[in-house]
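The following exercises are to be worked with the sequence and the coordinates at hand. Each task is followed by a solution in steps.

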Amino acid sequence: MRERDMIDHRRLGRELELFVSDPLAGAGLPIWLPAGAAARHAVEEYVRELERRAGYQHVYSPPLGKRELFELSGHLGYFADDMFPPMRLSADDEFVLRPALCPHHALVFGARGRSYRELPLRVAELGGMYRAERSGVLGGLSRVRAISLNDAHNFCALEQAGEEVAEILRLIREAHAALGVRPAGFRLSVRGPGQRYVGDDVQWARAEELLREALSGVDYEVAPGDAAFYGPKIDIQVVDGRGRESTLSTVQLDFDKPERFDLAYTDRDGARRRPVMVHRSLVGSMERLFAYLIEVHEGAFPAWYAPVQLVVLPVDADQAGVAADLARRAEAAGLRVEVDAAGSLGARIRDAARRRTPYAAVIGAREAAAGLVSLRLRDGRALDPLPVAAALGLVGDVVATRSAQLLPG
Ligand SMILES: [Zn+2]
């Protein structure tokens, strides 16, 4: 237990300069520093590409909107306790920091007439949203007030919903494998006593049935009372360094918002029909995802999203030119690289390991003369000197395949 206590993303976040929380900026409003931003950027690019190949279309929408939008969506009626109070510009002009992206994405679907041929229509965005969390529960990246959510809303015909949910679960597994996420369990979150929900019992039963079918063959728990106010959901849980469970990925079925926003498509027979709205997040918010990834990897991210992938260490000043040249070539190959020339070689090697940099390229006089480089891995392994092109090829391979290992398989 003592050892697990030491793996705290807040401590590692500080030591590795990934993010900072400043009381002047406000509790629950962390600032991502360059190293954390570089890792997050790599993850965001990966997720966007994964979604693009799976038929998602990306949009941008603002993190705030008119009060009426969130009255229509039901958020002000059912979710107001978790929202920041509205901002009044004038007597009839009030704005709300959004608690979810769904209302804007409903407007994307409704922006023009839709045909059955366009379904499933998958609208994705990595977008900002806000939660008025009480200050006592805030900590590091795991509970924040400004959230960057990997979100999408898939509009489909009712008969497509089962297949759509199954496909989303497949994408979630793929993303987890690439990132090194180890889910602690699946949960079917359904209605429970003491909460308010929209929609009728027939819709709730149908939605639950579809989710149960998608989960066939998977071990899962049923969590009464944890459904969204508009529908049941599949939650994929992770456990943090202190043993606390939280939801990372989620898939939710919603019959209510298409009603509220009067969304429809023209079916094959010319009839006007309501789509089902599937809310889903493959990897959750960037904040909660990184709180988890920092702890599960103890700061040693897989090379493909390590803030710095390769640090070049010239043994002395005579190799400065060769080191700069290697860094330029690595950069041109798309790698995140730095040169560290200050201090003793031993101290620089230790510093690279402390920063969890996957690869250090040591260049001494002999290596420089022969066009070679000695790669040291962050786990302490040292490779025999390699030609520069081979060393860059090795690192490039590991990064391109998003391998969790530091040497190609
Ligand atoms: Zn949503």
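Of the 409 residues of the protein, 50% count as buried, where buried means under 20% relative accessible area, exposed over 50% and partly exposed in between (1.4 Å probe, protein chains only). The model is predicted: local features need pLDDT of at least 70, side-chain atom pairs count only at pLDDT 80 or more, and totals for chains, interfaces and linings use all residues. Residues are numbered from 1 along each chain as its sequence is written, and side-chain values use heavy atoms, with hydrogens and water left out.

**Exercise 1.** Determine how many helices and strands the protein has.

*Solution.* Helices (H or I, at least four residues) and strands (E, at least two) are taken as DSSP runs, numbered from the N terminus. The protein has 14 helices and 20 strands.

**Exercise 2.** Describe the surroundings of H279, and decide whether H279 is buried or exposed.

*Solution.* Step one: locate H279, which lies in strand β15 (residues 276-281). Step two: consider accessibility; H279 has a relative accessibility of 3% and therefore counts as buried. Step three: list the contacts (heavy atoms within 4.5 Å). Apart from neighbours within four places in sequence, H279 touches C102, A152, H153, Y230, T250, V251, Q252, D254 and K257. Step four: look for a polar contact, that is, a pair of N or O atoms within 3.5 Å; within protein, one must be able to donate a hydrogen and the other to accept it, and residues adjacent in sequence count only if both atoms are side-chain atoms. The side chains of H279 and H153 form such a contact at 3.1 Å.

**Exercise 3.** Establish how helix α7 (residues 161-179) packs against helix α8 (residues 201-214).

*Solution.* Step one: fit axes as lines to C-alpha atoms, for helices over the stretch in contact, with angles running from 0 to 180 degrees between N-to-C directions. The angle of α7 with α8 is about 45°, and the axes are 9 Å apart. Step two: classify the angle, given that under 35 degrees counts as roughly parallel, over 145 as roughly antiparallel, 65 to 115 as roughly perpendicular and the rest as oblique. Helices α7 and α8 are therefore oblique to each other. Step three: identify the residues; A161, G162, V165, A166 and L169 of α7 meet L210, L211 and A214 of α8.

**Exercise 4.** Repeat the analysis for helix α3 (residues 34-53) and α7.

*Solution.* Step one: α3 and α7 pack at about 150°, with axes 11 Å apart. Step two: α3 is therefore roughly antiparallel to α7. Step three: V43, Y46 and L50 of α3 are in contact with L171, E174, A175, A178 and L179 of α7.
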